[in-house]
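I wanted a quick look through this model before doing anything else with it. My notes follow in the order I looked things up.

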Amino acid sequence: MDDKDKIICSFCDSDHVSLYSPYGTAQLVRQFYCHDCKSVFEFIRWRNTNQDNHIEHSMRFIQH
Ligand SMILES: [Zn+2]
């Protein structure tokens, strides 16, 4: 798992998460599981080559 970039939970902001599925509904979407609130959330990453920076956005996916 490459977690050099910190992934935090969309629901509770915990970093106690693990990779749930390398690919979600799209290629750039990865699914993570939060051990604290026991939720699965998607983490979207894409790169803006013009500005040469990352735009990261997480969104709610499934809440148990
Ligand atoms: Zn959580």
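**Notebook: strands, core, Phe 11**

I started with the order of elements: from the N terminus on, the protein chain runs β-β-β-β. This is a predicted model, so I'm reading everything below as computed. My tally of secondary structure came to four strands and zero helices.

Next I checked burial. Of the 64 residues in the protein chain, 17% are buried. I also pulled the contacts with a separation of 6 or more, and 25% of those in the protein chain link residues 24 or more positions apart.

Then I went for the core. Which residues make up the largest nonpolar core? I got eight: Ile 7, Cys 9, Val 17, Phe 32, Cys 34, Val 40, Phe 41 and Phe 43. Two elements, β2 (29–34) and β3 (40–48), each give two or more residues to this core. The largest share is from β3, with three residues.

I picked Cys 34 from that list and looked up what it touches. Leaving out residues up to four places away in sequence, Cys 34 touches Cys 9, Phe 11, Cys 12, Ser 14, His 16, Val 17, Ser 39 and Phe 41.

Phe 11 caught my eye there, so I followed it up. Phe 11 sits in the segment before β1 (17–21). Is Phe 11 buried or partly exposed? I have it as partly exposed, because it has 17 C-beta neighbours inside 10 Å, and buried would take 20 or more.

Last lookup: Phe 11 and Lys 38 are 27 residues apart in sequence, and their C-alpha atoms are 9.7 Å apart in space.

Note on methods. Residues numbered from 1 in each chain as written. Predicted model: local features only at pLDDT ≥ 70, side-chain atom pairs only at ≥ 80, totals over all residues. Core = buried A, V, L, I, M, F, W, Y, C linked by C-beta atoms within 7 Å. Buried ≥ 20, exposed ≤ 12 C-beta atoms within 10 Å, placed from the backbone. Contact = placed C-beta atoms within 7 Å.
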